[in-house]
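Me: Hi, I have a structure open that I'd like to talk through. Could you look at it with me?
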Amino acid sequence: MERELLKKLQREEALSIEETLRLDAELEAESPTPEWLSSLGDAAPSLAWRSELNQQLRRHAQRRRHARWFTWGSSLAAGAAACLAFVALFANPKTPQVPSTTVATNERQEGAFVRAHRDAEVQTTLGVSLPAESGSSPYDWSQLDSL
Amino acid sequence: MSGKDVQSEQMSALVGVKRLAAGRKYDTASEQALVEQCRRQDFDAFSKIVDAYQARVFGFVKRMLRSEEEALDVTQEVFIKAFQAVGRFDGRSSLRTWLFRIAHNLCIDRSRRKDRMSTAMSLDFVAEDEDPIEVSDSRFNPEEIILREEMAAIIDRALESMSDKLRIVLLLHDKEDMGYEEIAKTVDVPVGTVKSRLFLARAHLQNYVSRYLQGEVS
């Protein structure tokens, strides 16, 4: 191979198309190095080495399982807590309820007030006083404020 | 026949039968199935991946770092990181590319952390490291076996003597059979750069071995 091309290869400079083709041809040409290198044995590491590696791999696998359990467990716990909070807040809505006895009392008083107002109108219009209704007691004006 | 061809022939004859690759090889579909199981934290599935790749990854890392002790540490790191990140492996590249990319990055990190000095590997160390020939064949007499082991030592030394960036490309292409595109993804350089480095790495290796045979290198 030419010296110039060799220098370019050593400096890892870009090659022309012609130079690239020449390099490819050199590489495709029969070379003993693949056979030399493939004949080099690769001795496997010892059983003790392998045993140590297995222990380390198991430790890493365990750590990863614990980390995963912690992540999922925390997420589940947070989700469960959120659900419980939702149920507690929205399942039994509190609406203000007026006791029925108060409503009944208010309705009676309102009715008596309307009757008294009507009677008063009639009395004013006709200039007479109306007899009290049987069973009905005259309206107690002092109860007006309690309506 | 040129001198180079004669040497090449001699070396090929000495190298002889290819060793069986350590670890079972899975086809693409089986590998994808294994990766899916690994994503579900199937420890046994990941064990199979380790079985298939541990020797190759260890061999690669050892040749990159030139220290067996460090290579053992880094190889473990490769598989631990792979186990931690398997959920993010999207399958766009092959499992092999992905594992070697992790190995490559860890080797670069480790190399940057310390000053690396070239140390020659002693023949004794390499001889202990090599598995004995398992196939008994009358063609392989003891002399040839010794010669083969010596060749392996020479090649290992030649690999040591070249720069990291050349060594990586040479190992991934000529030993691991990766294509240019795959190597480019693993090492994160353009395909053109991969080709340039492969050419230079082969030239370096052949030159080193040739000089050894001529007695210029001890």
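Me: Is B:Lys165 buried, exposed or something in between, and what is its relative accessibility?
Reply: In this predicted model, B:Lys165 has a relative accessibility of 39%, so it counts as partly exposed, because that class lies between the 20% below which a residue is buried and the 50% above which it is exposed.

Me: Which residue does B:Lys165 form a salt bridge with?
Reply: The partner of B:Lys165 is A:Glu12, and the closest N and O atoms of the two are 3.7 Å apart. B:Lys165 sits in helix α8 of chain B, while A:Glu12 sits in the loop between α1 (3–10) and α2 (17–28) of chain A, so this pair joins two chains. A:Glu12 is partly exposed as well, with 31% relative accessibility.

Me: OK, and what does A:Asp42 form a salt bridge with?
Reply: A:Asp42 forms one with B:Arg63, where the closest N and O atoms are 3.1 Å apart. This pair also crosses between chains, going from the loop between α3 (33–38) and α4 (47–90) of chain A to helix α3 of chain B.

Me: Are those two buried or exposed?
Reply: A:Asp42 is buried, with a relative accessible area of 12%, and B:Arg63 is buried too, at 9%.

Me: What about B:Lys175, which residue does that one pair with?
Reply: B:Lys175 forms a salt bridge with A:Asp42, with the closest N and O atoms 2.8 Å apart.

Me: Any salt bridge inside chain B, say, which residue does B:Arg110 meet?
Reply: The side chain of B:Arg110 meets that of B:Glu70 in a salt bridge, at 3.3 Å from N to O. The pair links distant parts of the chain, since B:Arg110 is in helix α5 (residues 95–113) and B:Glu70 is in helix α4, 40 residues apart. Both B:Arg110 and B:Glu70 are buried. As for shared partners, salt bridges join A:Asp42, B:Arg63, B:Asp156 and B:Lys175 into one network.

Me: Zooming out, how many salt bridges cross between chain B and chain A?
Reply: Six are found across that interface, and a search of the whole structure gives 18 over all chains.

Me: And how much area is buried between the two chains?
Reply: About 4300 Å² is buried between chain B and chain A, with carbon and sulfur atoms giving 62% of that area. On the chain B side, B:Phe43, B:Gln76 and B:Phe199 lose the most area to chain A, together 16% of what that side buries.

Me: Last one, what is chain A made of in terms of helices and strands?
Reply: Chain A has five helices and zero strands, and buried residues make up 19% of its 147 residues.

Methods:
Residues are numbered from 1 along each chain as its sequence is written. Chains are lettered from A and ligands numbered from 1 in the order in which they are written. This is a predicted model: local features need pLDDT of at least 70, side-chain atom pairs count only at pLDDT 80 or more; totals for chains, interfaces and linings use all residues. Side-chain values use heavy atoms; hydrogens and water are left out. Buried area is the accessible area (1.4 Å probe) that two parts lose on being put together, summed over both. A salt bridge is a side-chain nitrogen of Lys or Arg within 4 Å of a carboxyl oxygen of Asp or Glu. Helices (H or I, at least four residues) and strands (E, at least two) are DSSP runs, numbered from the N terminus. Buried means under 20% relative accessible area, exposed over 50%, partly exposed in between (1.4 Å probe, protein chains only).
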